[in-house]
Every structure is written in C-alpha cells, then in structure tokens.
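Work through the exercises below with the sequence and the model open. Try each task before you read its solution.

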Amino acid sequence: MNKLSVMAMVSIALVFMAFKPLMGKLVSKDAHISFFSHTALEDITANNYKVVSTLDTETGDLVYSVPMQSFEFEKALMQKHFNSKGFLNTKKFPKAKFTGKITNLESVDFSQDGTYEAAVAGALNIKGETKPMNEKATLTVAGGTVSLESKMMVVLADYGITFTKGKPSTNVAKEVEVTVKAVYTKE
C-alpha cells in the first residue's frame, strides 16, 4: 500500500470516529428540570439538577428519570410542603418519569452540527398518574454533544395534585411551567 492510500484510509477513519460519538445511546447524568408557578400572591420556582436522561439517536427513544426530593426551593418551607403527603408525597412516589420518542427523527441529523426542532410524544408519570404528552423540543448538535431544551405546561390536577382550601389553593398555580435542559454525551 502506498502512502497516499494509507493517508486516505486514516482520514476516512478519523472522519468516521468524529461522528461515531453521536450515534446510538446518549446519556445526560445531570439534566436540569425547573418549574415555575405564578399566582397573584406568590411566585414559586424550583430546580432539580439530578435528573438522568437517555436519548437513543437511532430510534428516537427518550427517557427522563426525576428524583422528586432533589427539587430545591428558595424557601425551606416550600420544599417541605412540596415533599409532604398533601402535595407530591415524595416518600411514596420518589421519582417522576417521562418515557417517549422523537416522532420526527428524520428531521434531526445527529452527524451534522446544527439546531433542530423535534416533536416528542410520550407519557409522563407523576405521583402514580400517567398522562400522554406531545411537546416540542429544540435539539442542538455541536462538537460531539447533543443538547435538548423544552418548555411545557403541566396541569397539576392531571396528576392528583389538587388544593381546594387554605394557602395552597391561592399560592400555587393550577398549571405550572416546566423547563427541561439536558446535555447528552456518549455513555
């Protein structure tokens, strides 16, 4: 084999290796989920940086596992209420889970840096209740990583979280804005 052939083969191998990390199953071990509740009396924000997610670039399968006790609030009392039996009952229901799929996978090129709009369909389970969800997400492919961002509205009553009297009924919105951000890399 001459030097030119060897160099061509090495170049092809390097190009293939550069795209290889984005094929197959990707993982985010510190995805960020936040929620925002707005009422006339009070705004409530909570953040969770301990979310684990997987994204299969070949099938479009997308899974989020959310440890509910890892949400952090500005006020300790809010966190206590959130975890209590009357709210999320996180001792009995320690995790929320989203299982879904990118339904327009042909519109996303994981081998090409760029920003892509993804349609995601699946099921969200919170507090033992599972409801279907169809949302939009923005996927960004850049330098060997895939980032996902999405914003959605979640109706608390759909998951058995209702308040009919007292402070919660006026201080907590019936529908909360949930923001998801994850950066995926090869396992």
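A polar contact is a pair of N or O atoms within 3.5 Å; within protein, one must be able to donate a hydrogen and the other to accept it. The model is predicted.

**Exercise 1. Outline the chain.**
Task: State how many helices and strands the chain has, and give their order.

Solution:
- Step 1. Count the elements. The chain has three helices and nine strands.
- Step 2. Read them from the N terminus. The order is α-β-β-β-β-α-β-β-β-β-α-β.
- Step 3. Check burial. Of the 187 residues in the chain, 39% are buried.
- Step 4. Check contact range. Take contacts between residues at least 6 apart in sequence: 59% of them join residues at least 24 apart.

**Exercise 2. Place Thr90.**
Task: Find where Thr90 sits, decide whether Thr90 is buried or exposed, and name the partner of its side chain.

Solution:
- Step 1. Locate the residue. Thr90 belongs to the loop between helix 2 (76–83) and strand 5 (95–102).
- Step 2. Apply the cut-off. Buried means under 20% relative accessible area. Thr90 has 1%, so Thr90 is buried.
- Step 3. Find the polar partner. The side chains of Thr90 and Gln69 make a polar contact at 3.2 Å.
- Step 4. List the contacts, leaving aside neighbours within four places in sequence. Thr90 is in contact with Met68, Gln69, Phe82 and Asn83.

**Exercise 3. Find the two sides of helix 2.**
Task: Which residues of helix 2 are buried, and which are exposed on the other side?

Solution:
- Step 1. Pick out the buried residues: Met78, Phe82 and Asn83.
- Step 2. Look down the axis. These residues cover an arc of only 125 degrees, so they lie on the same side of helix 2.
- Step 3. Turn to the other side. Ala76, Leu77 and Lys80 are exposed there.
- Step 4. Name the cover. Strand 1, strand 2 (43–56) and strand 4 (72–73) are among the parts that cover the buried residues.

**Exercise 4. Describe the largest pocket.**
Task: What is the volume of the largest pocket, and which residues are closest to its centre?

Solution:
- Step 1. Take the volume. The largest pocket has about 850 Å³.
- Step 2. Go to the centre. The lining has 41 residues, and the closest to the centre are Phe35, Phe71, Phe82, Leu156 and Val176.
- Step 3. Sort the lining by type. It divides into 32 nonpolar, four polar and five charged residues.
- Step 4. Link back to Exercise 3. Phe82 is one of the buried residues of helix 2.

**Exercise 5. Contrast two strand residues.**
Task: Say whether Ser28 is buried or exposed, and what the accessibility class of Thr138 is. Then find a polar partner for each.

Solution:
- Step 1. Locate Ser28. This residue is in strand 1 (residues 25–38). Its relative accessibility is 1%, so Ser28 counts as buried.
- Step 2. Find its polar neighbour. A polar atom of the Ser28 side chain lies 3.1 Å from the backbone oxygen of Val183.
- Step 3. List the contacts beyond four places in sequence. Ser28 is in contact with Val51, Val52, Ser53, Ala182, Val183 and Tyr184.
- Step 4. Locate Thr138. This residue is in strand 7 (residues 129–142). With a relative accessible area of 26%, Thr138 is partly exposed.
- Step 5. Find its polar partner. The side chain of Thr138 makes a polar contact with that of Glu117 (3.3 Å).
- Step 6. Check its surroundings. Among the residues that Thr138 touches are Thr115, Tyr116 and Ser147. Leu148 is ten residues away along the chain, with 5.6 Å between the C-alpha atoms of Thr138 and Leu148.

Methods. Residues are numbered from 1 along each chain as its sequence is written. This is a predicted model: local features need pLDDT of at least 70, side-chain atom pairs count only at pLDDT 80 or more; totals for chains, interfaces and linings use all residues. Side-chain values use heavy atoms; hydrogens and water are left out. On a 1 Å grid over the protein atoms alone, a cavity is a set of points where a 1.4 Å probe fits but cannot get out, and a pocket is an open set with protein on both sides within 12 Å along at least five of seven lines; lining residues have an atom within 4 Å of a point. Grid points are joined across faces, edges and corners, and a volume is the space filled by probe spheres set on the points. Ala, Val, Leu, Ile, Met, Phe, Trp, Tyr, Cys and Pro count as nonpolar, Asp, Glu, Lys and Arg as charged, and the others, Gly among them, as polar. Helices (H or I, at least four residues) and strands (E, at least two) are DSSP runs, numbered from the N terminus. Buried means under 20% relative accessible area, exposed over 50%, partly exposed in between (1.4 Å probe, protein chains only). Contact means heavy atoms within 4.5 Å. The arc is that of the directions from the helix axis to the C-beta atoms.
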